[in-house]
Every structure is written in structure tokens, then in C-alpha cells.
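Please look over the chain shown here before reading the notes beneath it. The report takes up the overall fold, the aromatic rings and a charged part of the surface.

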Amino acid sequence: MLDAAFQVVSRDGYRAKLDEIAGRADLTTGAIYSLFGSKNGLVVALVADYLRPYYEEIEEAVPVGLDLLEAVDAFARYYRRSCDAPDALSRLLLQITLLDMALHDPDLGSQLATSIRSQENHLITLFTGRSHNGNVVTSHQAQRLATALRALFVGLSQGVTLGLAHGADEQYFADAARALASGMTFTDHDADAS
């Protein structure tokens, strides 16, 4: 079902039809409504299903014993390698399609943001508690870093996939990510927010 949804949603975006998704999955549209409540519910489930293995792979790529900069470096290198994966172009197409869908349907956009934030909690947990400049990274600091890294890597990976980011190899990703994390400060506001 989610594979069928991926194929149709990636191709048609917000114009994707439930009856085509149901037909590809050998189900009825009633079954989709029963399982997901709506087309938006199906799309949110699709995103969660799509992101789950990605975050599991990240947890494997970033060992527990690393300090923050080492962890960010490992994450950056993992992210860059994913740009060379056979499905990199289809992942980019899905990102663009979901953005288009969210812009056409603010309710779906809100649901997708909630789903992505819940998945992003894996990154926050991954960075929280690591040492950095003699301090321990709080969950608030990890959340800010995860948001910044996501923005950095989405932009860079789009450039790599489209052939616009020449020279953006693993070292480039790691250097950019380490520079971002190195600039992270520990303020009273950060300590109060955690």
C-alpha cells in the first residue's frame, strides 16, 4: 500500500488520486480510509514509513562514544554518501513533491511538519548528552543543531543530486557540519530552555 502511494504521490503530488493508489495496492478506497482516515493520513504514514529506516541507519552510522563534533562529522559523511545512493533522485523528487503538496494544502503541511519533527527527535536524542567544549549538549541545543543541519544537508544534497554542488564530497559535508556545530554556544538561555 505504501509502495503504491509512494509511486503515485511521487509522480502526481497533490493531484494523486486515492482510487489509483488503491488499485495499485489491490485495495478499495474504503480500505485506505479505514486504515489512514484520509489521503492526508496516508501521505503522513508514507513519510513516516519512508524516514524510519533512514533514522535507524543514522543511529548505526554515529556511534555512542563520540563527542559532538565527531558525531556531526560521522552524520555528515553518512548524509553525503546517501546522495550517491541509487534512490537519491527519487528521494529528491519526493521532497519536492511533498513541499508542493504542503503548499497546496496547509493542513497536510502541518501534519507533515509534525511527522517530520517526531522523526527528527531521533537526531536530537543522538546529539544530546555529547561533550562539546567542556560542556554537555542539552536537548534544546541538540534540537537547534538538528534543525540547522537538516537545512544545510537538504540544500547541499539537492545540489549534489542535481549536479550543481561540484566538489561537495564527504569532506566538504563534514567540514560544513563541523563549522556549524563548532559555532554552537552554551548560553543561560539554552540551559533554561532544556
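The sections below describe a predicted model.

## Overall fold

The secondary structure of the chain comes to ten helices and two strands, and, read from one end of the sequence to the other, these elements follow the pattern α-α-α-α-α-α-α-β-β-α-α-α. The C-alpha trace spans about 60 × 40 × 30 Å along its principal axes, and of the 194 residues in the chain, 41% are buried.

## Aromatic rings

A pair of aromatic rings is described by the distance of the centres and the angle of the planes. With ring centres required to lie within 6.5 Å, the count for this chain comes to eight aromatic pairs. One of them joins F75 and F127, whose ring centres are 6.0 Å apart and whose planes stand at 70°, so the pair is edge-to-face. This contact links distant parts of the chain, since F75 belongs to helix α5 (residues 68-82) and F127 to helix α7 (residues 106-127), 52 residues apart; both F75 and F127 are buried.

Ring pairs also build a cluster, which consists of Y54, Y55, F75, Y78, Y79, F127, F153 and F173.

## A negative surface patch

On the surface, E56, E57, E59 and E60 form a negative patch. Of these residues, E60 lies in helix α4, which covers residues 39-61, and E60 counts as exposed because its relative accessibility is 68%, where the cut-off for exposed is over 50%.

Terms used
Residues are numbered from 1 along each chain as its sequence is written. This is a predicted model: local features need pLDDT of at least 70, side-chain atom pairs count only at pLDDT 80 or more; totals for chains, interfaces and linings use all residues. Side-chain values use heavy atoms; hydrogens and water are left out. Patches are made of residues with over 30% relative accessible area and no salt bridge: like charges are joined within 9 Å, nonpolar side chains (Val, Leu, Ile, Met, Phe, Trp, Tyr) within 5 Å. Accessible areas come from the Shrake-Rupley method with a 1.4 Å probe; for residues, only the protein chains shown count as cover. A salt bridge is a side-chain nitrogen of Lys or Arg within 4 Å of a carboxyl oxygen of Asp or Glu. Lys and Arg count as positive and Asp and Glu as negative; His and the chain ends are not counted. The place of a charge is taken as NZ of Lys, CZ of Arg, CG of Asp or CD of Glu. Helices (H or I, at least four residues) and strands (E, at least two) are DSSP runs, numbered from the N terminus. Buried means under 20% relative accessible area, exposed over 50%, partly exposed in between (1.4 Å probe, protein chains only). Rings of Phe, Tyr and Trp (its six-membered ring) pair if their centres lie within 6.5 Å; planes under 30 degrees apart count as stacked, over 60 as edge-to-face and the rest as tilted.
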